[in-house]
Amino acid sequence: MVIFQLERTAPLSLDEAWRRLTEWHRHGEVVPLTRVTVVTPPPAGEGTVFVARSGLGPFAFDDRMEVTVWHPPADDEPGRCRLEKRGRLVRGWAEIEVWPGPGGRTRVVWREELRIRFLPSPFDPLVRTTARSVFGRAVNRLLRGR
């Protein structure tokens with residue numbers, strides 16, 4: 001099991017940072033070799049289910065996620081979203097928080113726990129380093145809006 005945390009500060013309002021981070025289909029645009037399909041109809045919120053398909057050909061796998069907590073920011077109050085990972089290969093959770101930051105900016109906190117089935121714990125340091133790198137770049141790109 002791997003747990004990691006990322007923190008960013010972005011020159012965005014709370015609402016805009018939240019919108020960019022919770023447009024689930026866009027995650028497929030910023031995570032390499034990944035396509036995201038939202039399974040449930042809009043609007044997004046608690047109960048939303050989406051699947052991230054990552055990899056190439058026969059080496060691809062599905063990472064099925066469900067939104068279990070959905071508290072968008074309101075009136076300068078922070079927002080929080082929790083995803084439960086329910087795939088056959090990848091389990092765990094992710095939490096995304098947006099907080100008021102200095103100078104009207106937004107502070108983003110992304111926490112994640114990953115459990116990869118069949119992968120022994122000696123690989124945890126490699127998984128942690130890779131996940132921090134991949135998700136860190138993805139968060140940066142989502143916040144930039146491209």
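**View 1. Strand S6 in the predicted model is mostly covered.** S6 spans residues 90-100. Eight of its 11 residues are buried. Strand S5 pairs with S6, and 11 bridges join S6 to strand S7.

**View 2. S5 and S6 form a hairpin.** S5 covers residues 79-86. Its pairing with S6 is antiparallel and runs over eight bridges. Three residues lie between the two strands. One bridge can be picked out by its residues: Lys-85 has Gly-92, in S6, as its partner.

**View 3. S6 and S7 form a hairpin too.** S7 takes in residues 106-116. S6 and S7 run antiparallel, with 11 bridges joining them. Look for Arg-91, whose bridge partner in S7 is Arg-115. Five residues separate the strands of this hairpin.

**View 4. The turn between S6 and S7 holds Gly-103.** The phi angle of Gly-103 is positive, at about 65 degrees.

**View 5. Ala-74 sits in the loop between strands S4 and S5.** S4 comprises residues 61-71. Is Ala-74 buried or exposed? Its relative accessibility is 40%, so Ala-74 counts as partly exposed. That class lies between the cut-offs of under 20% for buried and over 50% for exposed.

**View 6. Ala-74 and Leu-14 are 60 residues apart in sequence.** In space, 8.4 Å separates Ala-74 from Leu-14, C-alpha to C-alpha.

Definitions and conventions. Residues are numbered from 1 along each chain as its sequence is written. This is a predicted model: local features need pLDDT of at least 70, side-chain atom pairs count only at pLDDT 80 or more; totals for chains, interfaces and linings use all residues. Side-chain values use heavy atoms; hydrogens and water are left out. Buried means under 20% relative accessible area, exposed over 50%, partly exposed in between (1.4 Å probe, protein chains only). Helices (H or I, at least four residues) and strands (E, at least two) are DSSP runs, numbered from the N terminus. Two strands pair if DSSP finds at least two bridges between them.
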